[in-house]
Amino acid sequence: TSANEILNDMPFVDPPPRDALEKSYQMLIDLEALEQYKVTNTRTRGYKITSHGKQLVRLATHPRFATSIIKAREDRASFVAALTVTALLDEELGGRQIESNLSLCVRDILRAGPDSFIGKQLIKYASKIGDDAKSAVMDALDGKVNALEVSNSVGRALLPGFIDLIAQYKGDASYGGSSYMLSLGQSARLDGKQNEGDYVIVVDTSSGDDGKTRIRAYSPIDMNELKKVSMEKSEVYAVATKGYEVRARKVTKVGSLVIASSPLPSPSPDEVVDVLLDALSSIGGLPALLPMQSKKDVAEIVSLRNRVALAKKHSNEDWPPCFVCLETNDDDIATSLLQPWLAAAGSLKGLDLNTILRSQLSSDQLSSNYNRCT
């Protein structure tokens with residue numbers, strides 16, 4: 001099932017925003033809960049649930065926390081760390097998180113012991129997960145598993161569930177905090193904290209009164225841990241700041257975080273077309289191309305569109321539907337119109353939309369019907 005199918009087929013009273021739904025799909029792909037595939041001979045993408053995804057639905061918590069718990073089960077300290085953070089942020093421990101560094105939160109909770117209120121609440125929560133979870137938590141609260149060892153394992157434990165939410169240190173701030181760059185390119189402030197390391201896993205954020213993103217819950221993560229789960233692959237992508245120019249590179253990544261990158265030769269024509277069609281859809285389709293054209297071309301395109309609209313009113317001819325899409329996008333029409341031109345253009349900005357639109361008109365429409373409308 002795709003995001004489009006959900007929005008089209010389900011009787012929502014208030015349908016969720018398409019981009020939010022697509023981000024949810026991408027999160028589940030990053031967590032390895034969903035696997036994406038391409039439907040043969042189409043540009044349609046489908047999704048199927050993985051064995052890990054089937055395990056997630058058995059845990060009554062957010063898929064991110066569920067992933068961390070499941071993946072940490074083989075290491076006792078990491079398992080306790082994942083359980084404790086989940087219980088804390090799921091508000092199962094009867095208190096409010098005050099310390100933003102989750103490693104310190106976990107250390108303090110475990111040191112409180114099994115007879116403390118928070119210790120009893122943690123045992124109660126772990127019992128809901130399973131007997132192995134309850135046993136691991138009780139051992140940690142009793143001191144059989146070192147609290148400091150568990151605290152130091154928080155980053156490693158959370159990493160599988162937050163692999164797309166790693167932030168990189170950018171520098172100390174004058175207000176006494178630190179500045180980090182989230183893996184998707186957004187800056188974030190960590191107030192009141194410095195020397196927290198080059199990388200942190202961001203578990204929770206909020207916006208301050210000044211509109212800037214604040215990191216509210218995090219855990220430091222060591223580069224060695226990141227390298228263990230990094231993947232090297234070739235990717236073809238569009239550079240938005242270069243008019244969506246298509247490039248290829250070899251990258252070493254952890255989720256969305258690029259650790260290393262080197263350029264590759266130009267991608268194949270088919271790869272260029274696929275990337276540009278995806279980019280076009282993400283920015284709103286055909287209408288989004290107009291601002292990329294020269295002022296002269298925009299004026300000619302608008303004039304052409306108006307003349308064609310007038311000609312349609314005064315003739316029974318079939319006129320290309322692409323002119324309507326200049327105002328209201330239709331992905332299928334846009335794909336049919338632009339696909340033959342994308343590989344040669346190499347970018348969205350490189351498309352000569354005026355020439356493309358004129359190519360859709362017959363010679364008679366250009367010289368006869370179109371001229372009569374002028």
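Select Asn354 to begin the tour of this predicted model: at 6% relative accessibility, Asn354 counts as buried, because buried here means a relative accessible area under 20%. Colour the elements of secondary structure, and Asn354 will be found in helix 15, which covers residues 353-359. With the side chains displayed, look for the residues that Asn354 contacts once its neighbours within four places in sequence are set aside, namely Gln293, Asp297, Glu300, Ile301 and Leu304.

Move next to Met181, which belongs to strand 4, the run of residues 178-182. Is Met181 buried, partly exposed or exposed? With a relative accessible area of 27%, Met181 is partly exposed, since that value lies between the 20% limit for buried residues and the 50% limit for exposed ones. Leaving out residues up to four places away in sequence, Met181 touches Ile166, Ala167, Gln168 and Lys170, and also Gln186 and Ser187. For a distance to draw in the viewer, pick the C-alpha atoms of Met181 and Ala33, which are 148 residues apart along the chain and are separated by 26 Å.

The third stop is a hairpin. Select strand 9 (residues 245-254) together with strand 10 (residues 257-263), and you will have a pair that runs antiparallel and is joined by 6 bridges. Within this pair, Thr252 can be found standing opposite Ala260 of strand 10. Which residue of the hairpin takes a positive phi? In the hairpin, which has 2 residues between the strands, Gly255 takes a positive phi near 60°.

Now zoom out to the whole chain. The secondary structure comes to 16 helices and 10 strands. The radius of gyration is 27 Å, well over the 21 Å that the globule rule gives for 374 residues, so the chain is more spread out than a compact globule. Turn the C-alpha trace along its principal axes, and its span is about 90 × 45 × 40 Å.

With a surface displayed, the accessible area of the chain comes to about 19900 Å², and 47% of this belongs to carbon and sulfur atoms. Of the 374 residues, 44% count as buried. If you draw contacts between residues at least 6 apart in sequence, 53% of them join residues at least 24 apart. As a last selection, colour the charged residues: the chain has 44 positive and 48 negative charges, and the mean positions of these two sets are 2 Å apart.

Conventions:
Residues are numbered from 1 along each chain as its sequence is written. This is a predicted model: local features need pLDDT of at least 70, side-chain atom pairs count only at pLDDT 80 or more; totals for chains, interfaces and linings use all residues. Side-chain values use heavy atoms; hydrogens and water are left out. Helices (H or I, at least four residues) and strands (E, at least two) are DSSP runs, numbered from the N terminus. Buried means under 20% relative accessible area, exposed over 50%, partly exposed in between (1.4 Å probe, protein chains only). Contact means heavy atoms within 4.5 Å. The radius of gyration is taken over C-alpha atoms; the globule rule is 2.2 Å times the number of residues to the power 0.38. Accessible areas come from the Shrake-Rupley method with a 1.4 Å probe; for residues, only the protein chains shown count as cover. Lys and Arg count as positive and Asp and Glu as negative; His and the chain ends are not counted. The place of a charge is taken as NZ of Lys, CZ of Arg, CG of Asp or CD of Glu. Two strands pair if DSSP finds at least two bridges between them.
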